[in-house]
Amino acid sequence: MARLHEYQGKALLARHGIVVPRGRVAGSAEEAGRIAREVGGRVVVKMQAWTTNRKALGGVAFAGSAEEAAGHAERMLGMKVGNFPVVQVLVEEMLAIKHELFVSVFIDDKSRGPAMLVSLAGGSGIEERAHASGGGGGGGVRRFECDVKSGPKEAEVRAFLAGSALPREVHEPLVAAVRSVFGAARANEARSLEINPLVVTADAHPRVVAADCRVTIDDYAVFRHPELGIEIARELDHPPTELERIAYAAEQADHRGTFYFAQMNTVALAGSRGLIGFHGAGGGGSMMSMDAITNEGFTIANFCDTSGNPSPAKVYRAARIILSQPGLCGYFGSGSGVASQEQYWSAYGLAKAFWEMELNIPAVIRLGGNTEDRAVEILETACTGLPGRVEGYRKTDPPAKIARRFAELVGEHLGGAEVSHRRGITALEDSPVVAPRSGAGVRVWRPRPPRRPSFVGTKSAACFPVNGGTLWIDTGVWNSRSAAIIARAAGLLKDDAGKPALTVKPDELMGKDSELIACEVECRRDGVGGLFVELEIPGLHPPPGDRGGGR
C-alpha cells in the first residue's frame, strides 16, 4: 500500500469537504517561519515521517512565534527516522480542543468490503477496544458496516452519537464528517483512511476538524490518481530515495517480470562485518536468504527482488542500481530455489552489469531453478578476469551455506593483501589489455561510470535502436568476425555486402533486447568483440571519472 504524508492526506480530506487546520508544509526553517507568521498565533510544527511515535522522537512541537517555529523546524529537518532524514515539516494552527474522536474507514478482509470504526475518544488502542467490545458501541467504540457505494447508514451514526456526552450542536457536523471520510476513501481508492483525532474545538462556534490523519492507497489504483502526488506505488517506511525513484521508473518501463528495490542502510551497523548489496529472486526465498546473510553478521544496504521471469535488461538495471550504493564489501544474490523462471536470463543480466562495472568486490549468486546449471556456467565464465571473485550456486545449495561462503570471500577480500593495480583485465579482441582504473585496489565498493567498448558512440559503428537502449556493432571487427557474431545473434543479424544488417524489421528488433544481451555476453565469453548493447537507466548519473575507453 502506498502511504501519504499527513500534509498530503489533509489536502485529500479538504478536497472532500473535511475541515483541516490552516497551514502548509515547509522544507526549510525559513519557510516554516514564514508559514507560522502567515497563520498567526500559536502553531504546531510536525515532522513529516511515517512513524507512530513522532512526539516521543521530538517531532511534534508547539510555537508561540515565527522565530520559535523556525527553530523547531531547523531541529527536526535532518533528524533521522530509521536510516533516513526528515525533509519536510508541517506548520499549522494550534487548535483549542474540547473533544477528541477517532474515525477510520478500512477494507475488511473477512467481509471483503469497507467498514468504519468511530470512537468517542481518540488515542491508541481503538481497534483493540472495538474487538473487545464486539464493535457494538461498548467502550465508546462502534463498528459500522458500509455499503460499497453509499457508505455507513446515517441513522446508525446519529444513534451512536445520541448516546454520547457530545453537545447536540456538533452531532450533524460529525455525521457529515463521517460520511465525508467514507467518500474521500472511496473516491481515492484508499485501503485505509484514519483521522486520529477528529476534534471538536472549544471555539465560541465549535468546529469539527481533522487534527491528524493517516492514509494508504491501493497500489494498483495509484496510476488513476496522479493528483495525490505518490511517487512510488509501494509501502515504504521513508520518503522515496533517489535510487528508489530510479528503480521504480525502471520497473514501470519494463513489465517483463518484477523488480522491487528499497534502500535500508547507508552505512554498516556497529559491530557489523560490512555493508552488502542484496539481490533476491522471489519473496519467500529472498526473506530466507536475508536471514541467512544477516546471521553471518552483515548489514544489508538494500532489498531487491527480480522474479517472475525478468528480462536480462531488468536484472542488469537492478544490479547497476544496487552497485550505485557506495561502501559495499560484497554483492549477495539468493532467492527461491524452485523458481520456474529460466535462470540463464538473469545470469546474462548480472554478467553484463558486473563486466561493465568491473566488479572488484566478491559476489555470490544462487541461481536455483530452471536451467540453473547453464546459468551458473554463464555467470562464472563471463566474469572470469574481473578483479572481484564471482561464484554461482544452485538450488541444492541452501542460503545458509552460500552465506557462509560469502562471509569467507569477504573476509579474504577485506583481510588479504591489497589488489594489485597492475592486475590486468582480459579485454575484447579489438581492445588492448588495460589496467583497472584508479581505485581498483580499494576494498569497499565505490560507484563508478560503466565501461564501454571504444567503438560505442562513434560514427564508424553501426547502431540500431532496441528497447531502452542501442545496439552497437564495430564495423571494423565485423569484417573479420561477422560469422561468429551472427552465429550468436539468435537469427537477428546478417551480413549485407560487408556491413551489419537486420533479418527482422527495425520495430521487431526493439523487443529483442534479451537475445541481443545474450549475444553480447556469449561473444565476450568466446573472445569475440565488436557487439555491445548500451542500456539506458534514466536518472542514474554515474560519478565523474575515467570511462575507460578502448575496451
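This is a short talk about a few helices, strands and salt bridges in one predicted model.

Hi everyone, thanks for coming. Please keep in mind throughout that we are looking at a predicted model.

Let me start with the sheet. It is an open sheet of five strands, and the order is β16-β15-β18-β20-β22, with parallel pairing. Which strands stand at the edges? They are β16 and β22, the latter covering residues 390–393, and each has a single partner strand, so one side of each is left without a neighbour in the sheet. If you zoom in on β22, you will find that β20, residues 363–366, runs parallel to it and is joined to it by four bridges. One pair to click on there is Arg366, whose bridge partner in β22 is Tyr393.

Now to the helices that lie across these strands. Helix α9, residues 312–322, lies across β15 and β18, and it runs at about 165° to β15. Helix α10, residues 343–356, lies across β15, β18, β20 and β22, and its angle to β20 is about 170°.

Let's stay with α10 for a moment. It has 14 residues and reaches 20 Å from its first C-alpha to its last, close to the 20 Å expected at 1.5 Å a residue. How many of the residues of α10 are buried? The count is 13 of the 14, so the helix is largely enclosed by the rest of the structure. Just after α10 comes Glu358, which takes a positive phi of about 50°.

Next is α8, residues 283–295. This helix has 13 residues and reaches 18 Å from first C-alpha to last, again close to the expected value, which here is 18 Å at 1.5 Å a residue. Which residues of α8 are buried? They are Gly285, Ser286, Ser289, Met290, Ala292 and Ile293. These residues cover an arc of only 160° around the axis, which puts them on the same side of α8. On the face turned away from that buried side, you can see the exposed residues Gly284 and Asn295. What covers the buried residues of α8? The cover includes three strands we have met, β15 (275–279), β16 (299–300) and β18 (328–333), along with β17 (302–307) and helix α12 (399–415). Just after α8, Gly297 has a positive phi, about 95°.

Let me take you to another part of the chain, around β8. Strand β8, residues 97–108, pairs with strand β11, residues 190–201, in the antiparallel sense over eight bridges. On its other pairing, β8 is joined by seven bridges to β9, residues 113–119, and these two also run antiparallel. A handy residue to select here is Phe106: its bridge partner in β11 is Ser192, and in β9 it stands opposite Ala115. β8 and β9 form a hairpin with four residues between them, and Arg112 in the turn has a positive phi of about 60°.

Last topic: salt bridges. The count comes to 41 salt bridges, and I have picked three.

The first is Asp212 with Arg54, where the closest N and O atoms are 3.2 Å apart. This pair links distant parts of the chain, 158 residues apart: Asp212 sits in the loop between β12 and β13, and Arg54 in the loop between β3 and β4. Are these two buried or exposed? Asp212 is buried, and so is Arg54.

The second brings us back to the end of α8. Arg273 forms a salt bridge with Glu296, with closest N and O atoms 3.6 Å apart. Arg273 lies in the loop between β14 and β15 and Glu296 in the loop between α8 and β16, so the pair ties together parts that are 23 residues apart in sequence. Arg273 is partly exposed, at a relative accessible area of 41%.

The third is Arg452 with Glu534, at 3.5 Å between the closest N and O atoms. Here Arg452 lies in the loop between α12 and β23 and Glu534 in strand β27, so this pair ties together parts that are 82 residues apart in sequence. Arg452 is buried, with a relative accessible area of 8%, whereas Glu534 counts as partly exposed at 23%. Both belong to a network of salt bridges that links Arg320, Lys352, Glu356, Arg452, Glu520, Arg524 and Glu534.

That's my tour. Thanks for listening!

Definitions and conventions
Residues are numbered from 1 along each chain as its sequence is written. This is a predicted model: local features need pLDDT of at least 70, side-chain atom pairs count only at pLDDT 80 or more; totals for chains, interfaces and linings use all residues. Side-chain values use heavy atoms; hydrogens and water are left out. The expected span of a helix is 1.5 Å times one less than its number of residues. Buried means under 20% relative accessible area, exposed over 50%, partly exposed in between (1.4 Å probe, protein chains only). The arc is that of the directions from the helix axis to the C-beta atoms. Contact means heavy atoms within 4.5 Å. Two strands pair if DSSP finds at least two bridges between them. Axes are lines fitted to C-alpha atoms, for helices over the stretch in contact, and angles run from 0 to 180 degrees between N-to-C directions. A salt bridge is a side-chain nitrogen of Lys or Arg within 4 Å of a carboxyl oxygen of Asp or Glu.
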